[in-house]
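Let's take a walk through a structure together, one piece at a time. Have the sequence and the 3D view ready as you read.

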There are 2 protein chains.
Amino acid sequence: MKNGAKYLAECGLRPSMQRLAIYQYMATHPTHPTADEIFEALKEQIPTLSKTTVYNTLKLFVAHGVVDEVFIDRTSERFDGNTELHAHFLCSNCGAIIDTPIASPETVNSAAPEGVSLAKTQLLYFGTCTKCIENQLNNN
Amino acid sequence: MKNGAKYLAECGLRPSMQRLAIYQYMATHPTHPTADEIFEALKEQIPTLSKTTVYNTLKLFVAHGVVDEVFIDRTSERFDGNTELHAHFLCSNCGAIIDTPIASPETVNSAAPEGVSLAKTQLLYFGTCTKCIENQLNNN
DNA sequence: GTACAATTTTGTAACGATTACAATTTTATT
DNA sequence: AATAAAATTGTAATCGTTACAAAATTGTAC
């Protein structure tokens, strides 16, 4: 894992205690957490932590490319410490979010309109995961 | 354009006046409108229309495959009368949403996890559109 | 090391999109 | 025409997110 303080500094961000904690959390939890989940997880470690700080910090991280926002869940903003291009699958049944690699990024990006400046791509899948398919079969 | 009443009936939906009006609006406005935009546009034509009805109807339409929800805008739900697979580009500068065809759907879908049941795919792009690129150049 | 300025954090209040819910209206059925 | 079922309506509530101003922390200059 990257050295948090160094990495944040490289990204132009002062590595405060709160920012470091949030960065560490993102780096060690590839679970696409929401701001609230991060807040709940860190408030024991940092009792004075404010939810506003978590929101502000994540917005700052997104602006500086430290994390990505994932648009797969409309009910709340989800964040991803892995900023490399990859796809996300959401199981409509159990809510699980599964990361998958994209074998051919060029092909995926090739559908973008001509002449635009492309900053980010998101490839999202929705359906039923294998576990839920099995469970549904067993319950019949 | 499809016959609205017939099409809704085919989808298992009773073609009420409100539903027809919302369907017609979607069929004639490929602008990925929000529930509120549809409500504002239709309330002259149907003065008794309730915003709740628009929300309910759109949710029903999504459940019956009449329209799709597009996840490109986190601030509000956007809907698309075109349920064929295609990509969306959002200009972070002017907010324009551009539709583009996907030349190779198989390749785009091939990154989905193995064994899942895939119901929907969304390919989203974010960046700056050509108009905004030009404007930015001219203003320097 | 102290004083001042800049940045960050915090808590509360506000906002806005969406949903819950119960009442009313419309439509279908007998 | 009477009744039941379905759709619509309006209001209130919910919940994620943001605005804002005060407090705390950090960096800089002397």
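## Before we start

A residue is called buried under 20% relative accessible area, exposed over 50%, and partly exposed in between, using a 1.4 Å probe and protein chains only. Keep that handy, as it comes back below.

This is a predicted model, where local features need pLDDT of at least 70, side-chain atom pairs count only at pLDDT 80 or more, and totals for chains, interfaces and linings use all residues. Residues are numbered from 1 along each chain as its sequence is written, chains are lettered from A and ligands numbered from 1 in the order in which they are written, and side-chain values use heavy atoms, with hydrogens and water left out.

## Two copies, one axis

How is chain A laid on chain B? A turn of 180 degrees and a shift of 0.0 Å along the axis do it, with an RMSD of 0.0 Å. The fit is a least-squares superposition on the C-alpha atoms of residues with pLDDT of at least 70 in both copies. The two copies are thus related as by a two-fold rotation axis.

Within chain A, L123(A) has the C-alpha nearest that axis, 2.3 Å from it. Both copies use the same surface, too: 100% of the contact residues of chain A recur in chain B. Contact here means heavy atoms within 4.5 Å.

## Around DNA strand D

Next, the DNA. A residue is near a strand if one of its heavy atoms lies within 4 Å of it. DNA strand D has 18 residues around it, and Y55(A), E77(A), S16(B), T48(B) and T53(B) come nearest. Sort the surface near this strand by class and you get 2 nonpolar, 10 polar and 6 charged residues. For that sorting, Ala, Val, Leu, Ile, Met, Phe, Trp, Tyr, Cys and Pro count as nonpolar, Asp, Glu, Lys and Arg as charged, and the others, Gly among them, as polar.

Which part of the strand does the protein meet? Of the atoms of DNA strand D within 4 Å of the protein, 80% belong to sugar or phosphate, and the rest to bases. Some polar contacts (pairs of N or O atoms within 3.5 Å; within protein, one must be able to donate a hydrogen and the other to accept it, and residues adjacent in sequence count only if both atoms are side-chain atoms) are worth finding. A polar backbone atom of E77(A) is 2.6 Å from a phosphate oxygen of DNA strand D, while S50(B) brings a backbone N or O atom to 3.2 Å from one. T53(B) uses a polar side-chain atom instead, 2.8 Å from a phosphate oxygen of the strand.

## Around DNA strand C

DNA strand C is surrounded by 18 residues, the closest being S16(A), T48(A), T53(A), Y55(B) and E77(B). Here 81% of the strand atoms within 4 Å of the protein belong to sugar or phosphate. Helices α2 (17–28) and α4 of chain A, together with α4 of chain B, each supply at least two residues of the nearby surface. Helices (H or I, at least four residues) and strands (E, at least two) are DSSP runs, numbered from the N terminus.

Phosphate oxygens of DNA strand C lie 2.9 Å from a polar side-chain atom of T48(A) and 2.6 Å from one of Y55(B). For E77(B), a polar backbone atom is 2.6 Å from a phosphate oxygen of this strand.

## Salt bridges

Side chains of opposite charge can pair when their charged atoms come close. A salt bridge is a side-chain nitrogen of Lys or Arg within 4 Å of a carboxyl oxygen of Asp or Glu, and the whole structure has 12 of them over all chains. In one, the closest N and O atoms of D36(B) and K51(B) are 2.5 Å apart. D36(B) sits in helix α3 (residues 35–42) and K51(B) in helix α4 of chain B, so the pair ties together parts 15 residues apart in sequence.

K43(B) and E40(B) also form a salt bridge, 3.0 Å from N to O. Both K43(B), at 35% relative accessible area, and E40(B), at 36%, are partly exposed. K120(B) and D68(B) meet at 2.8 Å, joining strands β5 (residues 117–128) and β1 of chain B across 52 residues. Buried or partly exposed: which is D68(B)? At 16% relative accessibility, D68(B) counts as buried, whereas K120(B), at 34%, is partly exposed.
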